[in-house]
Amino acid sequence: MKILKFGGSSVAQAEAIAKTQQIVSVSGSPLVVVVSALGGVTDLLLEAATLAAAQDDSFRSRLQQVETRHLEAIRQLIAPAGQAGVIGKVKGDLNTLETLLEGAFLIGETTPKLLDKIVSYGELLSSFIIASYYQSKGMPASFRDSRELIRTDTRFGNARVIREETARLVREGLRDGSPIVVLPGFIAATPAGDTTTLGRGGSDYTAALYAAALDAQELQIWTDVSGMYTANPKWVRQARPIPAISYEEAMELSHFGAKVLYPPTIQPALEAGIPIRIKNTFEPEQEGTLIHAGGNTEGRTVRGISHVPDIGLLSLEGPGMIGITGISKRFFETLSEEGISIIFITQASSEHSICVGIAAGGLDRAAAAVNAAFAYEIEKKQIKPVQCESGLSIIALVGDQMKEHQGLSGKMFSALGKNNVNIRAIAQGASERNISAVIGSADVKKALNTLHEAFFEEQVKQLNLFVMGVGNVGSRLLAQIHRQQKVLKKELRLQLRVVGISNSRQMAFQESGIDLGNWHETLEKGKPASLQGFFETVRQLNLRNAIFVDNTASPEVSEQYGHYLHSSISVVTCNKIACSAGYETYAGLKQLARDYAAPFLFETNVGAGLPVIDTLKNLILSGDRVRKIRAVLSGSLNFVFNTFDGQVPFHEVVRLAGEAGYTEPDPRIDLSGVDVMRKILILARESGYRLEMDDIENRSFLPVSAGNTGSVAEFMTALEQESRHFGELFKQAETRGCRLRYVAEFDQGRASVGLEEIPQGHDFYNLKGSDNIVLFYTERYPEQPLIIKGAGAGAEVTASGLFADIIRIGNF
C-alpha cells in the first residue's frame, strides 16, 4: 500500500486536480490519498471567521468566494450528467458552514473549538470533490472522513493525536476499503466527536499517521517542487534536488525552514521505518527526494542549507547567573508558560549569559515575561534586563556526516566573513548534524548563495571536447581555445580539454587532453577516420561534460547528432544541414536534447558569430512572438555584391570570395540561395513555426545555364560566360540609386529569398563587406524592429561563435 498526499498547490485549480488523477491512476493499488484544502481556501475561511467574529457583514463575500471556488471545480472536472449529486452534497456542507459563521457573527466571537469546525470544511469539501472526480473517471475510489479515524485531545487549533487509538481505528476502518480511498488531511476529532485540527500544515502529519498505521510501503508527498533542495531555489538559483536523505537530516531541514515538509510529519514514518518520497505534481517524471533510513548515498558531508526568517534574539546575562543553579530552568519555564517556542539556544561556558532565538512576533511578550520572572535579580543588579534584537534570521548547514569531517565550521564562517556577513550567534548540536548561525535578515540571500557555492558548487568545471573538422573553421577554433584556456579557468572557472579531433582522413584521441600547440602532429599519428569509430570512442571514454563539435558542412556528420544526444553528449555545430532538414529531424534532435539533458546549440547556423539565434530564443522564451523577419543572411553574397562594381567580372569576384573563405567550398550553395533558404528556415522554426525547405520561395538571380551545371568548374565557367547578365543587374540597380542585396523574408508563416534592389536610407543599404543584418518585427517590436548587425561570414568569426556556444554549455 502507498499513501499519497497532495498539498494545496497540487489541488488549487481544476487543472492541477486533473494532474493528481493522472498520478493516482498509474500508482497502483491499494492507495490512500490524503488531500489538503484547495489552495487559498483555508485563508478565506480564517478571514471569514475573523470578520464574522468582528460582526463585519463582509464575511459573506469570503463565503461566496469559497462556494464559487468549489462549484467551479466541480463544473470543470465532472461531466454535467454526474454533477447534481456532488453539487447537492457540497451545497449542503456550505449551508452548514454558513450557519457556523452566522453563529460567530451573532455572538461576536469565535472559540478555538468553533474555528476548528469552520476551517475543517476546506479539507472536507476538497476531498469529497476529488473523490467524486476520480469516480467520474471510472476509478474505484471512495471518500472517507478522517474525523472517523484520527483521535486527538481537546487542544483545538493544534490538537495532539492519540496514537494507539488512531492506529486501531485506521486499521479497522481501512482494512477492507475500496482500492483507492480519498481522505481529508489536517482534520481529526476528539473521542466525543468534536472536530479538531492538527495545526497549519497538518495534512502531511495526517498522511504519515495513515502510513504508520497501515505499515505502508511508501509515503509520497506531492507538492509544487521536485523534492527537498540543497537550498531554497527561490533564493539560490544553483540549488538542486537532493536525491536521498535520512529522516534526521530531513527533520533538521524542515525545522530550519525547508517548507516542503511539516516538521512533525517525519516522526510517525521514522518510527515505522516507512520511506517518504517528495514529488512534484506538475513534473511527476522528476525523481524527487527519497527520505529513508539509508540516508546519504552521495557521500556529501553537507546535504542542505536552510534558513528560518523573522527571528528575534532574547539574551539574559549578568554576574548573578554564574554558579547559580536553576537560572536556566526558570528562564525556559517562563518562556514555556507563555507558549513561546524556542528555535535556537546558545549559552556561554562561563554561565554569564543565555541567548535564545524565537519568532520575532513573540519578542515583546517574551521580554516582558522574563523581566517579570527575574524582577528581584534585576532590581539587585545581579542580572541585566533582558536584551532583545530583531530583524534577524537563522541559517543552518545540515548533514549526517558532518561530525566525521574537520573544518566545516571554519569553512562556513570563513566564507561568510569574506562576504561581509556578520554573525550574531552560533549553535551546534552535540550530534553535529547541523551548524546554525544567526545573521541579519538583509544578509540572508548573500549568505545562502555564498554557502551554496562553498559546499555544493565545483570550483572548476571541466568540459571535454571532441572536434570533428579541423580545416578552415576548425583550426581557428582550436587556436582560439588554446589562447583562452587560462583566461576561461580564471574568469569562468571552466577548463576546456580537447580530447578528440578528426578530419576526413585521420582521427586522434588523448583522454588527458590534446596539446593544442601541437595538434597537427597528434592527428598525423592517429588512426584512420571513421564517423562510427569516432562516436564509439567518445561513448567509451564516457567523460563528464562531453561536447561534440561539428565544424564541417557534411550531411553524413550531421546524421550522427542523434547518437551523441541520445548518449547525453552535447552537440555544438556550424553545420546547417541538420536544422534545415525535414522538420521531424529538427524537432527530434531538439527533443533528444531535452530528454537527455544534452544541449544542442547551433548559433553559428545563422550569422556566424552574431547572437542571432540566442536573441531569438530569449525573445520567444520571454513571451514575445515573431511577426516578420527581414534579413541579409549571406555574408558570402553580401561580400560578392559589395565587391562587384561592374568593372571586375562577376565570376572573378566569386573566386575571390572563395579564396577569402567567405563562400562554401561549393559556391553554388551560396549563389543558388540554398544557404540563405536554410538560414531563414532555421529562424522560422526557432520562432515556433513548422516550415519545410519546399515551402520557401526562391527567386534565383542565376541564369539557367549556371543553374544546370554538374561541377564547380562548370559553374565557374558558366558565370564567366554570363558576365553580361550580371553586369546588367548591377547597372539597372545603380541607375535607380540602389544597391543589390540578397534578402530573406519570413512573414506570417511564409518565407522567400531573392535578390532585391535596396534604396538609399534603407537599413540594408550601407552593409559593408560580409556583414549580415537581421530585423526582427515582433509583438514587442512591431514598428521599429530589433536589429542585429555585424560580420556574418568568415572562418574566424564562425569559430568564435562555436566557441561562445561551448562556453554557454559550460555555464549551464
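In this predicted model, S14 and strand S16 (residues 434–440) run antiparallel to each other and share seven bridges. One of the matched positions is Ser-393, whose bridge partner in S16 is Ile-439. S14 (residues 387–398) also pairs with strand S11 (residues 304–317), again in the antiparallel sense, this time over nine bridges. Here Ile-311 sits opposite Leu-392 of S14.

A second piece of strand architecture comes later in the chain. Six strands make up an open sheet with mixed pairing, laid out in the order S25-S27-S26-S24-S28-S29. Strand S25 (696–699) and strand S29 (786–791) take the edge places with a single partner strand each, so one side of each has no neighbour in the sheet. On average, and ignoring direction, neighbouring strands of this sheet are turned by 20 degrees against each other. Inside it, strand S24 (residues 626–632) and strand S28 (residues 771–778) are antiparallel partners over six bridges, with Ala-631 standing opposite Val-774 in S28. Helix H25 (residues 674–686) packs on the sheet, touching S24, S25, S26 and S27, and its direction makes about 40 degrees with that of S26.

Helix H22 is another element that meets these strands: it lies across S24, strand S26 (738–747), strand S27 (750–759) and S28, and runs at about 160 degrees to S26. H22 spans residues 635–643 and is mostly covered, with seven of its nine residues buried. Those buried residues are Gly-635, Ser-636, Leu-637, Asn-638, Phe-639, Val-640 and Phe-641.

Moving on to the loops, Asn-503 sits between strand S18 (494–502) and strand S19 (506–509). With a relative accessible area of 18%, Asn-503 counts as buried because the cut-off is under 20%. A polar atom of its side chain lies 2.8 Å from the backbone nitrogen of Arg-505, and a polar atom of the Asn-503 side chain is 2.7 Å from the backbone nitrogen of Gln-506. Setting aside neighbours within four places in sequence, Asn-503 is in contact with Val-470, Leu-523 and Ala-529. As for H22, the C-alpha atoms of Asn-503 and Phe-641 are 32 Å apart, with 138 residues separating the two along the chain.

Thr-281 is a loop residue too, placed between strand S9 (276–280) and strand S10 (289–291). Thr-281 is buried, its relative accessible area being 1%. Its side chain makes a polar contact of 2.6 Å with that of Ser-10. Not counting residues up to four places away in sequence, Thr-281 touches Phe-6, Ser-10, Ala-16, Lys-19, Thr-20, Ile-23, Trp-222 and Thr-223.

Then there are the aromatics: the structure holds 23 aromatic pairs. Tyr-583 and Tyr-586 form a tilted pair, since their ring centres are 5.7 Å apart and their planes are at 50 degrees. The two tyrosines are three residues apart in helix H20 (residues 583–595), so about one helical turn separates them. Both Tyr-583 and Tyr-586 are buried. Phe-701 and Phe-726, by contrast, make an edge-to-face pair, because their planes stand at 75 degrees, with the centres 6.4 Å apart. Phe-701 is in the loop between S25 and helix H26 (704–707) while Phe-726 is in helix H28 (residues 723–735), so this pair ties together parts 25 residues apart in sequence. Phe-701 and Phe-726 are both buried.

Ring pairs also link Phe-466, Phe-509, Phe-534, Phe-535, Phe-548, Tyr-561, Tyr-564, Phe-600 and Phe-602 into a cluster. The charged end of Lys-617 sits over the ring of Phe-602, at 5.4 Å from the centre. Elsewhere, Arg-60 lies over the face of Phe-105, 5.8 Å from the ring centre.

Definitions and conventions. Residues are numbered from 1 along each chain as its sequence is written. This is a predicted model: local features need pLDDT of at least 70, side-chain atom pairs count only at pLDDT 80 or more; totals for chains, interfaces and linings use all residues. Side-chain values use heavy atoms; hydrogens and water are left out. Buried means under 20% relative accessible area, exposed over 50%, partly exposed in between (1.4 Å probe, protein chains only). Helices (H or I, at least four residues) and strands (E, at least two) are DSSP runs, numbered from the N terminus. Contact means heavy atoms within 4.5 Å. A polar contact is a pair of N or O atoms within 3.5 Å; within protein, one must be able to donate a hydrogen and the other to accept it, and residues adjacent in sequence count only if both atoms are side-chain atoms. Two strands pair if DSSP finds at least two bridges between them. Axes are lines fitted to C-alpha atoms, for helices over the stretch in contact, and angles run from 0 to 180 degrees between N-to-C directions. Rings of Phe, Tyr and Trp (its six-membered ring) pair if their centres lie within 6.5 Å; planes under 30 degrees apart count as stacked, over 60 as edge-to-face and the rest as tilted. A charge sits over a ring if NZ of Lys or CZ of Arg is within 6 Å of the ring centre and within 35 degrees of the ring normal.
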